[in-house]
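Let's take a walk through this model, from the overall build down to a handful of residues worth a look. Keep the structure open next to the text as you read.

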Amino acid sequence: AAVAGAAVVGVAERAVAVDFEEFSPKPGRTIRLEYGGKGVAGATWSAGKFLAATLAADPQLSLLARTFPDGPRPKPLRGSSVVELGAGLGLVSIEAGLEGARVVVTDGEASVLPVEERNLRANGVMGEVMRLDWADGEAADRLAARSGPLDLVIGADLVYGLDDAHFQAHQALVDCLARLTSKSGTYTLLAHTSRSAKREAAFMEALDRRFDRRVVDTTAVGVSPPSPIIKLYALRPRTPSAA
């Protein structure tokens with residue numbers, strides 16, 4: 001459930017309105033998010049709320065174990081190392097942090113990073129916030145090295161747009177995911193809203209070349225996708241022989 005509203009804060013000796021939203025991923029827990037930043041990063045999207053609700057319902061990550069019964073057993077969120085890509089306002093990272101994960105919150109849009117920091121603090125989550133350009137392979141390698149071994153990479157609504165620039169970003173995202181996860185065999189959870197299956201086909205094909213991609217049945221923990229076009233994918237890096 002979500003409740004929208006507004007608060008007034010003083011900035012540079014003048015009052016400005018700050019929109020906020022409250023989201024309850026589980027009974028007894030309310031996450032308060034300040035809006036901010038520019039473009040798509042400055043809002044909370046349905047796929048992000050879906051992923052946050054799934055983590056709240058399944059902090060042991062039993063869904064990953066069910067989805068990959070032949071793979072390494074996933075580590076529960078408590079005590080795990082988690083990186084979120086394209087975090088926006090930080091909702092999913094905040095939920096992971098409230099479940100005890102050590103979170104690194106990343107986004108490519110610099111204007112949203114201060115908002116992410118404030119949202120983490122406001123909800124009592126200790127975590128690191130940093131800008132990450134998916135096309136910067138060296139930055140992804142450095143993040144994997146100092147956060148490692150990573151236990152989980154998460155992201156929601158990372159793929160949208162139909163033009164060539166977005167297409168290039170989608171390819172960069174696949175490479176970034178591979179750099180973050182391939183050495184340690186880290187799992188990834190991606191909540192995805194399908195807006196153009198034809199245009200997204202290349203993205204899914206690129207994912208499938210590097211990862212074993214499976215749909216997660218979240219109804220097993222009592223969480224249903226808010227729309228038929230929203231799915232949760234679990235990814236596991238392919239071994240060289242399986243690629």
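Before we start, one cut-off: a residue is called exposed when its relative accessible area is over 50%, and buried when that area is under 20%. Proline 226 comes to 52%, so it counts as exposed. Bear in mind that this is a predicted model.

**The overall picture**

The protein chain has 243 residues, and 49% of them count as buried. Its secondary structure adds up to seven helices and 10 strands. Among contacts with a separation of 6 or more, 65% are made by residues 24 or more positions apart. As for the outside, the accessible surface is about 11400 Å², with 53% of it belonging to carbon and sulfur atoms.

**Two nonpolar cores**

In soluble globular proteins, nonpolar side chains tend to be buried together. Here the largest nonpolar core holds 41 residues, and Leu51, Leu55, Leu64, Leu152 and Leu189 have the most contacts inside it. Helix H1 (residues 46-57) supplies the largest share of this core, six residues. For a view from one of those leucines, pick leucine 64: leaving out residues up to four places away in sequence, it touches Pro74, Leu152, Tyr187, Leu189 and Ala234. There is also a second, separate core of 29 residues, and Leu132, Ala139, Leu177 and Ala206 are among them.

**Two cavities**

How many cavities of 30 Å³ or more does the structure hold? There are two. Here they are side by side:

| Cavity | Volume | Nonpolar lining residues | Polar lining residues | Charged lining residues |
|---|---|---|---|---|
| Largest cavity | about 70 Å³ | 10 nonpolar | two polar | one charged |
| Second largest cavity | about 60 Å³ | seven nonpolar | two polar | one charged |

The largest cavity is lined by 13 residues, and the closest to its centre are Val159, Leu190, Ala191, His192 and Phe203. Strand S7 (152-156), strand S8 (187-193) and helix H7 (197-210) each put at least two residues into that lining.

Around the second largest cavity you'll find Thr54, Leu55, Asp58, Leu61, Leu63, Leu64, Thr67, Leu189, Val216 and Leu232. H1 and helix H2 (62-67) are the elements that give two or more residues to this lining, and H2 gives the most, with three residues. Some of these names have come up already: Leu55, Leu64 and Leu189 are listed for the largest core too.

**Two residues with a positive phi**

Most residues other than glycine have a negative phi. Leucine 61 has a phi near 60 degrees, a positive value. Its place is in the loop between H1 and H2, and leucine 61 is buried, with a relative accessible area of 4%. Leucine 61 is also one of the residues that line the second largest cavity.

Aspartate 157 has a positive phi as well, near 50 degrees. Look for aspartate 157 in the loop between S7 and helix H6 (164-181). Is aspartate 157 buried or exposed? At a relative accessible area of 8%, aspartate 157 is buried.

**One loop, two residues**

Now go to the loop between strand S9 (211-215) and strand S10 (230-237), where threonine 218 lies. Threonine 218 has a relative accessible area of 2%, so it counts as buried. Beyond its neighbours within four places in sequence, threonine 218 is in contact with Phe50, Thr54, Leu63, Val223, Ser224, Pro225 and Leu232.

Proline 226 sits in the loop between S9 and S10 too, but proline 226 is exposed. Which residues does proline 226 contact, apart from its neighbours within four places in sequence? They are Ser46 and Phe50. Proline 226 and alanine 47 are 179 residues apart in sequence, yet their C-alpha atoms are 8.0 Å apart in space. Phe50 is a contact of threonine 218 as well.

**Inside helix H6**

Last stop: leucine 180, in helix H6. Leucine 180 is buried, with a relative accessible area of 3%. Leaving aside neighbours within four places in sequence, leucine 180 is in contact with Leu85, Ala140, Leu143, Ala144, Leu150, Val153 and Thr186. The C-alpha atoms of leucine 180 and proline 149 are separated by 9.4 Å, and the two residues are 31 apart along the chain.

Methods
Residues are numbered from 1 along each chain as its sequence is written. This is a predicted model: local features need pLDDT of at least 70, side-chain atom pairs count only at pLDDT 80 or more; totals for chains, interfaces and linings use all residues. Side-chain values use heavy atoms; hydrogens and water are left out. Helices (H or I, at least four residues) and strands (E, at least two) are DSSP runs, numbered from the N terminus. Buried means under 20% relative accessible area, exposed over 50%, partly exposed in between (1.4 Å probe, protein chains only). Contact means heavy atoms within 4.5 Å. Accessible areas come from the Shrake-Rupley method with a 1.4 Å probe; for residues, only the protein chains shown count as cover. A nonpolar core is a set of buried Ala, Val, Leu, Ile, Met, Phe, Trp, Tyr and Cys residues joined through side-chain atoms within 4.5 Å. On a 1 Å grid over the protein atoms alone, a cavity is a set of points where a 1.4 Å probe fits but cannot get out, and a pocket is an open set with protein on both sides within 12 Å along at least five of seven lines; lining residues have an atom within 4 Å of a point. Grid points are joined across faces, edges and corners, and a volume is the space filled by probe spheres set on the points. Ala, Val, Leu, Ile, Met, Phe, Trp, Tyr, Cys and Pro count as nonpolar, Asp, Glu, Lys and Arg as charged, and the others, Gly among them, as polar.
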